[in-house]
Amino acid sequence: MRKLKYKITGKMLRSYQLDIVRAILDKNTTYKHLLYIAPRRSGKSVLFDYLTNALVNKIWLDDKMPVNATIFAPQQKQCRAIYIDNILSDGKKLVEIHNAKFYESRLSLEYGFGSKIKFSGSDMIDSQMGSGNKIIVLDEYALAKPNVFQRVYPMIQATDGHLIVGSTPRGRNHLHELHEQVKDNPEWLVVHTDVFKLGLMTQEEYDALPMHENYKRQEFLC
């Protein structure tokens, strides 16, 4: 089997996204899981897609072990809009760099060395029972059902894998509860940021948004 060459580059990621990828892949840290609380326009889905690809390749290169991974949107019907139309159509270099082929009919990226990344909805979580996922991503977790984390965490514990959770907040909900549970856990990299820290918006642009302040703070200040 041809050996896959793997290298992280910054071509497709912003600097703060690349910092997170490097932190999770760094063998000198204790981080296995990621909780990323970030605003709109911060590229959460692109980050999760890239980080999942990076972990799949890293595990293959380190252990020569094919990997099953699943990236969950809140609902199955959202997968096409979030991942296929938004990411893959505008960033096919994701597939090219990592030597994988995308199969639209089964919503999966499949590698020549046997690994697979599926795109699904967390409303279909029961269909993943017994799949042996080594990597699970819960994208926009605040919009998912509150029990989703409790369903997938035992899967990751069983495979000694990686769990990636991210979302824009929607009040003091199950995302907030998870943040409080893992914020001091050395296995979790917890990143909590906003549009100002990321340089995505000025104070003047924020002030001009025609939205109620509570919603503005949730969507943009997290």
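**Figure 1. A three-ring aromatic cluster built from Trp-60, Tyr-111 and Phe-113.** In this predicted model, Trp-60, Tyr-111 and Phe-113 come together as one aromatic cluster. Trp-60 also has a charge for company: the charged end of Lys-64 sits over the Trp-60 ring, 5.9 Å from the ring centre. Trp-60 falls within helix α2, which runs over residues 44-63, and Tyr-111 falls within strand β4 (108-111).

**Figure 2. Phe-149 and Trp-188 as a tilted pair.** Taken as a whole, the structure holds 6 aromatic pairs. In one of them, Phe-149 and Trp-188 are 6.2 Å apart centre to centre, with 45 degrees between the ring planes, and that makes the pair tilted. The two partners come from distant parts of the chain, 39 residues apart: Phe-149 belongs to helix α5 (residues 148-159), Trp-188 to strand β8 (residues 188-192). Both Phe-149 and Trp-188 are buried.

**Figure 3. Phe-196 and Tyr-206, edge-to-face, with a lysine on the tyrosine.** Here the ring centres of Phe-196 and Tyr-206 are 5.6 Å apart and the planes meet at 70 degrees, an edge-to-face arrangement. The pair joins helix α7 (residues 195-198), home of Phe-196, to helix α8 (residues 203-207), home of Tyr-206, across 10 residues of chain. Are both partners equally hidden, or do Phe-196 and Tyr-206 differ in burial? Phe-196 counts as partly exposed because its relative accessibility is 31%, while Tyr-206 is buried at 3%. Lys-216 lies over the face of Tyr-206, 4.5 Å from the ring centre.

**Figure 4. Leu-178 and its surroundings.** Leu-178 sits in helix α6 (residues 174-182). With a relative accessible area of 2%, Leu-178 is under the 20% cut-off and therefore buried. Which residues does Leu-178 touch, leaving aside those up to four places away in sequence? The list is Leu-35, Tyr-141, Phe-149 and Val-165. Phe-149 is the ring seen above in the tilted pair with Trp-188. As for Leu-35, it is 143 residues from Leu-178 along the chain, yet the two C-alpha atoms are separated by 8.7 Å.

**Figure 5. Helices α1 and α2 side by side.** Helix α1 (residues 15-25) packs on helix α2 (residues 44-63) with the axes 10 Å apart and an angle of about 30 degrees. That angle is under 35 degrees, so α1 and α2 count as roughly parallel. The crossing of α1 past α2 is right-handed. On the α1 side, the contacts come from Gln-17, Ile-20, Val-21, Ile-24 and Leu-25. Facing them in α2 are Leu-47, Tyr-50, Leu-51, Ala-54, Leu-55 and Lys-58.

**Figure 6. Positive phi at Leu-107 and Cys-222.** Most residues other than glycine have a negative phi. Leu-107 goes the other way, with phi near 50 degrees, and is found in the loop between β3 (100-103) and β4 (108-111). Cys-222 has a positive phi too, near 55 degrees, and belongs to the segment after α9 (213-221). Leu-107 counts as buried because its relative accessibility is 13%, and Cys-222 likewise at 17%.

**Figure 7. The whole chain, for context.** The secondary structure comes to 9 helices and 8 strands. Of the 222 residues in the chain, 50% are buried. Among contacts with a separation of 6 or more, 71% join residues 24 or more positions apart.

Methods: Residues numbered from 1 in each chain as written. Predicted model: local features only at pLDDT ≥ 70, side-chain atom pairs only at ≥ 80, totals over all residues. Heavy atoms only, no water. Helix = DSSP H or I, 4+ residues; strand = E, 2+ residues; numbered from the N terminus. Buried < 20%, exposed > 50% of the residue type's maximum accessible area, 1.4 Å probe, protein only. Contact = heavy atoms within 4.5 Å. Phe/Tyr/Trp six-rings, centres within 6.5 Å; stacked < 30°, edge-to-face > 60°. Lys NZ or Arg CZ within 6 Å of the ring centre and 35° of its normal. Axes fitted to C-alpha atoms, helices over the stretch in contact; angles between N-to-C directions. Parallel < 35°, antiparallel > 145°, perpendicular 65-115°, else oblique. Left-handed = near helix turned anticlockwise from the far one by under 90°.
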